[in-house]
Amino acid sequence: MAKGIGAATSGNSHVGYKRVPLDPRMLRALITLHDRYGYKLRISELVGGVHGKNSRHYRGLSFDANFINGIHVGSGAPPQEGHDHNTHIHCA
Ligand SMILES: [Zn+2]
């Protein structure tokens with residue numbers, strides 16, 4: 001992204017390997033969660049990985065976080081956008 005060439009999707013995803021921009025609204029939400037609310041998130045996926053066919057991940061509109069403030073995200077969240085969320089929280 002810093003080179004202006006977009007973030008890389010995964011070759012085995014529904015959209016194959018390609019470069020997509022990260023949506024400023026998603027980035028703004030991420031920065032707000034950190035700067036305003038003090039959350040420390042470990043982002044496991046932005047546009048990479050395999051998600052649902054029409055997932056917003058593939059358009060740079062989502063992120064997954066698998067640790068929040070150093071605590072691993074556990075099970076219990078319902079499936080969304082084509083994959084389960086036993087190990088992370090999905091934010092779009
Ligand atoms: Zn997700």
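This section describes the zinc site, the nonpolar core, helix α1 and several loop and strand residues of a predicted model.

The zinc ion is coordinated by three residues, through NE2 of His57, OD of Asp64 and ND1 of His90, at 2.0 to 2.1 Å. Along the chain these donors follow the spacing H-x6-D-x25-H. Two of the ligands bring together distant parts of the chain: aspartate 64 belongs to strand β4 (residues 63–68) and histidine 90 to strand β6 (residues 89–91), with their positions 26 residues apart in the numbering. Both aspartate 64 and histidine 90 are buried.

Strand β6 also contains isoleucine 89. Beyond its neighbours within four places in sequence, isoleucine 89 is in contact with Phe63, Asp64, Ala65, Ile68 and Val73. The zinc ligand Asp64 is therefore among the residues that isoleucine 89 contacts, although isoleucine 89 itself counts as partly exposed because its relative accessibility is 37%. Isoleucine 89 and glycine 74 are separated by 15 residues in sequence, and their C-alpha atoms lie 8.9 Å apart in space.

The largest nonpolar core comprises seven residues, namely Ala7, Val20, Leu22, Met26, Leu30, Val47 and Phe63. In soluble globular proteins, nonpolar side chains tend to be buried together. Within this set, leucine 30 touches Phe63, and also Leu41 and Ile43, when residues up to four places away in sequence are not counted. Phe63, a member of the core, is also one of the contacts of isoleucine 89 in strand β6.

Helix α1 covers residues 24–35, and its 12 residues should span 16 Å at 1.5 Å a residue. The C-alpha atoms at its two ends are 16 Å apart, in agreement with that expectation. Arginine 25 lies in this helix. At the start of α1, the backbone nitrogen of arginine 25 has a side-chain oxygen of aspartate 23 within 2.7 Å. The side chains of arginine 25 and aspartate 23 also meet, forming a salt bridge with an N to O distance of 2.9 Å. The structure holds one salt bridge. Its two partners fall into opposite accessibility classes: aspartate 23 is buried, since its relative accessible area of 15% is under 20%, whereas arginine 25 is exposed, since its value of 56% is over 50%. Aspartate 23 thus takes part in two interactions with arginine 25, one to the backbone nitrogen and one to the side chain. As for the placement of arginine 25 relative to serine 55, the two are 30 residues apart along the chain and their C-alpha atoms are separated by 16 Å.

Serine 13 is located in the loop between β1 (7–8) and β2 (19–20). Its relative accessibility is 11%, so serine 13 counts as buried. The side chain of serine 13 reaches the backbone oxygen of serine 10 at 2.7 Å. With neighbours within four places in sequence left aside, serine 13 is in contact with Gly49, Val50 and Tyr58.

The loop between β4 and β5 (71–72) contains asparagine 69. The phi angle of asparagine 69 is near 50 degrees, a positive value in a residue other than glycine. Asparagine 69 counts as partly exposed because its relative accessibility is 41%. Glycine 70 is found in the loop between β4 and β5 as well. With a relative accessible area of 62%, glycine 70 is exposed. Glycine 70 and lysine 3 are 67 residues apart in sequence, and the distance between their C-alpha atoms is 30 Å.

Definitions and conventions
Residues numbered from 1 in each chain as written. Predicted model: local features only at pLDDT ≥ 70, side-chain atom pairs only at ≥ 80, totals over all residues. Heavy atoms only, no water. Core = buried A, V, L, I, M, F, W, Y, C linked by side-chain atoms within 4.5 Å. Buried < 20%, exposed > 50% of the residue type's maximum accessible area, 1.4 Å probe, protein only. Contact = heavy atoms within 4.5 Å. Donors = N, O, S within 2.8 Å, 3.2 Å for Na, K, Ca; no water. Helix = DSSP H or I, 4+ residues; strand = E, 2+ residues; numbered from the N terminus. Salt bridge = Lys/Arg side-chain N within 4 Å of Asp/Glu carboxyl O. Expected span 1.5 Å × (residues − 1). Polar contact = N/O pair within 3.5 Å; in protein donor to acceptor, adjacent residues only side chain to side chain.
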